[in-house]
Amino acid sequence: MIKINEASYKYSAQNIFEDISLEINEGEILCIVGPNGCGKTTLLECILGINKLNSGSILIHNTDIKSLKSAEIAKQIAFIPQMHDKTFPYTVREIVIMGRAVHMNMFSSPSRADIEIVDECLCTVGIEKLKDRPYTQLSGGEGQLVMLARALAQKTPLIIMDEPTAHLDFNHELIVLETIVKLVKTVGLTVIMATHFPNHAFYFENNGLPINVGLMNEKKFSEIGAPSRVLNEENLKNLFYINAKVVSYQMENGSELKQIIPISTKQL
Amino acid sequence: MNKRIIRVLLIISPIIFIVSSLFIGRYPITVHDVISVLWSKLTFTPSSLPDEIVSIVWDIRMPRALLGALVGGALAISGASFQGLFRNPLVSAGILGVSQGAGFGAALAILLFGTSSYIYIFAFIFGGSAVLLSYLIGRVYKTTPTIMLVLGGTIISSIFTALISFAKYVADPADQLQSIVFWLMGSLASVRYEDILIAVIPIGIGVSGLIAMRWRINVLSMGDKEAHSLGIDPALNKGIIVICTTLATAGAVCVSGIIGWVGLIIPHIARMIVGNDNRILIPASLALGACFLIFVDNLGRIITGAEMPIGILTALVGGPFFVYLLKSTKGGGW
């Protein structure tokens with residue numbers, strides 16, 4: 001679905017990333033894991049067409065993103081930003097309904113059908129009770145669920161998430177992860193997400209989803225592959241400069257649960 | 001409040017204000033006479049009333065109320081649109097320098113030609129050019145980041161403010177200076193139907209455009225990146241909205257002079273009453289702005305008798321009202 005060929009991006013004279021190539025198929029998850037400032041967000045914004053590559057290309061269904069308009073990209077890709085500055089106290093429903101913008105023409109407002117889709121998406125992430133609240137008064141976790149609902153309302157085959165679980169408590173974090181699992185399984189959603197929690201990759205693998213982890217470091221992907229192969233203790237040491245243990249727990253139903261436990265910063 | 005009731009109120013309240021302003025003024029006219037004049041004008045039959053009554057109702061008070069509605073509505077709707085577009089509730093209709101540009105255009109026309117209809121043309125052209133210049137300054141990075149646009153507007157405003165001061169400095173104190181100062185304070189007095197015809201075209205185009213685009217302003221207020229990822233091209237849509245607001249504001253300013261406050265505070269009052277969704281906020285600002293300016297103009301006629309510039313009264317009347325609303329609605333969720 002998405003194909004990236006030798007993509008490079010510079011900000012002023014500084015290379016943010018260079019020579020990145022990868023491919024994501026429909027119904028797959030790609031977790032991009034890497035330390036702060038490694039260029040994850042910039043790469044995501046290039047895939048969304050917000051930033052323009054300096055060289056290389058990004059193809060959606062074999063069409064170069066450069067030749068696509070905002071509306072054409074937004075029909076394929078929805079986006080959950082890492083930071084959302086709240087300005088006016090819109091209600092939750094007013095925010096989520098913006099996900100329908102791409103399906104409307106220039107001068108129209110949302111229809112009854114759009115409102116129904118919005119209400120359905122609010123139910124999917126379990127925030128239907130909040131729909132008339134000003135979203136400026138919500139907690140960070142609830143706000144993130146609003147962004148997820150808005151992305152779902154866009155009804156795209158691909159959702160890009162930039163740290164979708166930052167600032168979330170366990171409950172809200174699991175709601176986000178469970179919603180992703182459900183959508184990948186039921187409608188074949190494709191997900192690209194940047195995350196600081198490599199355990200999320202294990203979560204998806206533990207749930208039997210097709211997932212790849214891309215380790216992003218030093219402006220490139222050092223390795224891309226299945227979580228249990230890529231997320232080993234050696235790689236975590238190189239990526240985050242930490243000592244960590246990958247542990248495995250046998251669940252009652254016989255399935256295996258893998259998790260990373262960070263132990264200490266490496267003695268250099 | 002029920003949405004349908006609000007909608008009906010929005011449509012009929014400006015009409016009520018326009019009609020009731022026909023009764024208000026130093027020359028007392030009865031309800032019956034006003035209705036009779038209106039009836040004769042609307043049915044194109046000659047009126048049996050004395051000419052002076054017909055003239056006061058139809059040629060003096062009516063155009064003044066209509067222009068008040070047009071100007072107030074245009075300034076308020078532009079302010080509301082810009083607040084959404086710039087994601088900043090402190091922005092007013094004049095943020096890109098349209099008022100200062102128009103003010104300088106008017107001053108220049110007064111210097112060159114005296115009081116004439118060149119004032120309209122110059123005010124409109126310079127108001128529009130000021131916005132264009134601000135926009136070009138904002139585009140230095142080939143995109144139009146909001147903060148650069150605001151900065152561009154600030155720079156252009158201050159340049160035109162300096163030019164206005166220069167025009168005052170060189171103006172003949174006997175007559176030109178007075179005209180310039182009075183124009184800058186804004187006025188709806190001595191308006192004729194021709195003035196309304198001049199104003200109604202740009203205001204009509206601008207206001208219709210903003211009403212058509214009003215829901216998109218919600219999406220644009222999410223910021224450029226999010227608007228793009230939601231499928232709304234930020235540069236294109238911002239451009240259209242800037243053009244619409246400029247047409248509306250320049251159309252208003254060129255016939256009425258600079259009337260402050262309406263384009264900043266009326267959208268806030270509307271926010272407190274109907275909420276922040278631009279689908280309802282934009283038409284609500286239009287209606288409230290129209291009502292407010294007619295109201296203030298009438299108040300000026302009643303209490304001062306003399307023609308006090310309306311720009312002074314808008315702030316004096318609007319300020320306390322705003323504080324009252326702020327207290328009674330607790331700010332509406334800010």
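Mentor: Before we start, keep in mind that two strands pair if DSSP finds at least two bridges between them, and that the model we are looking at is predicted.

Trainee: Which strand of chain A is joined to S3(A) by 5 bridges and holds Val213(A), the bridge partner of Cys31(A)?

Mentor: Pairing requires at least two bridges, and S3(A) has 5 bridges to a strand made of residues 211–217 of chain A, with the two running parallel. Within that strand, Val213(A) is the bridge partner of Cys31(A). The strand you are asking about is S9(A).

Trainee: Which residue of S8(A) is the bridge partner of Leu30(A)?

Mentor: Strand S8(A) covers residues 190–195, and it runs parallel to S3(A), to which 5 bridges join it. In S8(A), the partner that Leu30(A) meets through a bridge is Ile192(A).

Trainee: How many of the residues of strand S3 of chain A are buried?

Mentor: In a regular strand the side chains alternate between the two faces of the sheet. In S3(A), one side carries Ile29(A), Cys31(A) and Val33(A), while the other carries Leu30(A) and Ile32(A), and both faces are covered. Counted over residues 29–33, the number of buried residues is 5 of 5.

Trainee: Within what arc do the buried residues of H7(B) fall?

Mentor: In helix H7 of chain B, which spans residues 176–185, Ile180(B), Trp183(B) and Leu184(B) are buried. Seen down the helix axis, these buried residues line one face of H7(B), because they fall within an arc of 100°.

Trainee: Which helices of chain B do the buried residues of H7(B) pack against?

Mentor: The residues to follow here are the buried ones, among them Trp183(B). Their packing is against two helices of chain B, one covering 98–113 and the other 146–170, and these are H4 and H6.

Trainee: Is Leu136(B) buried or exposed?

Mentor: Leu136(B) sits in helix H5 of chain B, which runs over residues 118–138. A residue counts as exposed if 12 or fewer other C-beta atoms lie within 10 Å of its own. Since Leu136(B) has 12 such atoms within that distance, the residue is exposed.

Trainee: Which helix gives the most residues to the side of chain B that touches chain A?

Mentor: The contact takes 22 residues from chain B and 24 residues from chain A. On the side of chain B, the elements that give two or more residues are the helices H9 (214–220) and H10 (224–229). The most, with 4 residues, comes from H10(B).

Note on methods
Residues numbered from 1 in each chain as written. Chains lettered and ligands numbered in written order. Predicted model: local features only at pLDDT ≥ 70, side-chain atom pairs only at ≥ 80, totals over all residues. Contact = placed C-beta atoms within 7 Å. Buried ≥ 20, exposed ≤ 12 C-beta atoms within 10 Å, placed from the backbone. Arc of directions from axis to C-beta.
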